[in-house]
Amino acid sequence: MTNISDLETRVVQYCQDLIKFDTTNFGNNKSNGESKAAEYIAHILDDLNISYKIVGPDHNRSSIIAQIEGTEKSLPGIVLHGHLDVVPVELNQWSKPAFEGIIENDTIWGRGAVDMKNGNAMILSSIYVLIKSGWKPKRNISLMFFADEEAGGALGSHFVTKNYPEYFENVTEAVGEVGGFSHTLSNGVRLYLIETSQKGIAWMKLTSKGKAGHGSMINNENAISKISKAIDNLSNHRFPVTIKESVRTLLDETAKAYGTSFDPNDPEKIVSLLGNLSKLVSATLSNTANPTMINAGYKVNVIPGEATAYVDGRFLPGEQENFVDDIRNIVGDDILVEAETFDVALEAPFKTAIVDSMIDSLSAEDPGAKVVPYMLSGGTDAKAMSKFGIKGYGFTPLLLPNDLDFTSLFHGHDERIPISSLKFGARTMHRFIKTL
Ligand SMILES: [Zn+2]
C-alpha cells in the first residue's frame, strides 16, 4: 500500500472512530467527558513511539499533549491542535444516528464530522504515515487535542497552557480549526479561506432592579420593563463598520473575482456575493451583541424585583478595551452589565512563510485554488495560546461540494462530511505538515 492510500484509509477510519465516542460538552462543567477519545489517540501515538501526557482537571475531562522533536534546534516550534469535545445533539432533529460514525452516500455522518473530529483525523493520519515513512520534522511540533473547547476551554486549552507552559516554549505559531475550506462563488471561482483572525468574546449578564409588587397596581419601576427596554436599545443599535485587514483582503479578492472593486462605503454589496458565507463575513464588519437568554418573574400577578438577560457579545480586534463600556452606554445606567466570560480577539499576518506553505499545499491538490484570509466570528483554542505570543491560524483544509452550506453544519443537525472532502483534507494536511 502506498502512503497516500494508507493516509486516506486512516483518515476515514479515525474520523469514524472518534465520532463514536460521545464527547458531548453541555457547558457549565456538565459533559460526557473526552477521556475515551484521548485514550484512542494515545494508542495511535503509542504505535509511533511518540510520548504523550493525558492531562486534565479530573479523569473525565482529558486533553492529550505530545511533542515531536525537530531536527533543527534553531527553528521555533509549532503547535498542531484540535479539540475532542462536541456540542449537544437534538436527536429528534437528525435523520441519522449522531454517534455511530456511519457512512451513507459517500459521506460520514455524526456529531463532530466537521467540528472537529475530521480535523483531528487529518492531523493524526498525516502524522502517522509521515512518521512511519521515517520523516522527521525540522521544527519541534507540539501535538495537542484539547477538552472543553465548546465551553470556552477553561478545562482544556486554558488548563493546559496554565499547567504545561513548557510545551509552548519557543513556539511561534499554532494551527487548528475552521479554515482552509473551499467556497465556490456563483461564477465558479473557488476560494479557500484561511482563518488569520478571530473576534473576541464578551458573554455578558444584564441585570435590572425594580420594585417588587402586586400586578394590579401602578408600578413605575418594573424590572421586566427595564430589561426589555435595554434589550430593545441593544437590538436597535448599529455598531460602526470597521474593516480589518483580513476582511479587507477577503472582500478585495472576492470583488476581483467578479471583475469589480470593493467599496468600503458599501461593504455589504461584496459580502452578499459570498452566498451562504455572508452571514459569517457580515458579522466580521463590526462588533455584535445578540441577546440570547432572558429570565424574570414567577407568577402572573406578581411584579418581580429583578430581571436578567444574557448577551453574546463579539468584538473586533482592537476593540476589547471599550466594548463592554459601549454596551453599558447603550443599555443605560439602570442596567448592571457584567462580562462573565471574556476572551481576546486575535490577528495574525497572512503574508508569512507558514501561510505560504498552506497555499502551496492547497494549490498542489487543487491547482485552481484562490487562497484568501478571513476573520472567524467565533473563537477557538488559539485564544488560550495567544498569551505566549503564539499566532493562531485556522487550517483544516476541505474541498467541499459547491452546494453544501458548510458553515451551517457547525453545531447544526445532520452534521456530516463527504469522504472525498475528508481525503482531500488529509492529503493537503500531509503536504503541509511535511514542510514543517
Ligand atoms: Zn470546533
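**Exercise 1. Work out what share of the chain's contacts with a separation of 6 or more comes from residues 24 or more positions apart.**

Start with the rule: two residues are in contact if their C-beta atoms, placed from the backbone, lie within 7 Å. Then take the contacts with a separation of 6 or more; residues 24 or more positions apart account for 78% of them.

Before going on, a word on the model. It's a predicted one: local features need pLDDT of at least 70, side-chain atom pairs count only at pLDDT 80 or more, and totals for chains, interfaces and linings use all residues. Numbering runs from 1 along each chain as its sequence is written.

**Exercise 2. Check the radius of gyration of the chain against that of a compact globule.**

The radius is taken over C-alpha atoms, and the globule rule is 2.2 Å times the number of residues to the power 0.38. For 436 residues that gives a value near 22 Å, and the chain has 23 Å, so the two agree. You can also look at the C-alpha trace, which spans about 80 × 55 × 45 Å along its principal axes.

**Exercise 3. Decide whether Phe-145 is buried or exposed.**

First, find Phe-145 in strand E8 (residues 141-146); strands (E, at least two residues) and helices (H or I, at least four) are DSSP runs, numbered from the N terminus. Next, the cut-offs: buried takes 20 or more other C-beta atoms within 10 Å of a residue's own, exposed 12 or fewer, and partly exposed is in between, with C-beta atoms placed from the backbone. Phe-145 has 31 within 10 Å, so Phe-145 is buried. Leaving aside neighbours within four places in sequence, its contacts include Ala-38, Ile-41, His-83 and Asn-120.

**Exercise 4. Describe how helix H10 and helix H13 cross.**

Axes are lines fitted to C-alpha atoms, for helices over the stretch in contact, and angles run from 0 to 180 degrees between N-to-C directions. The axes of H10 (residues 353-365) and H13 (residues 419-434) come within 9 Å and cross at roughly 135°. Angles under 35 degrees count as roughly parallel, over 145 as roughly antiparallel, 65 to 115 as roughly perpendicular and the rest as oblique. H10 and H13 are therefore oblique to each other. Who makes the contact? Among them are Ser-357, Met-358 and Leu-362 of H10, and Phe-424, Arg-427 and Phe-432 of H13.
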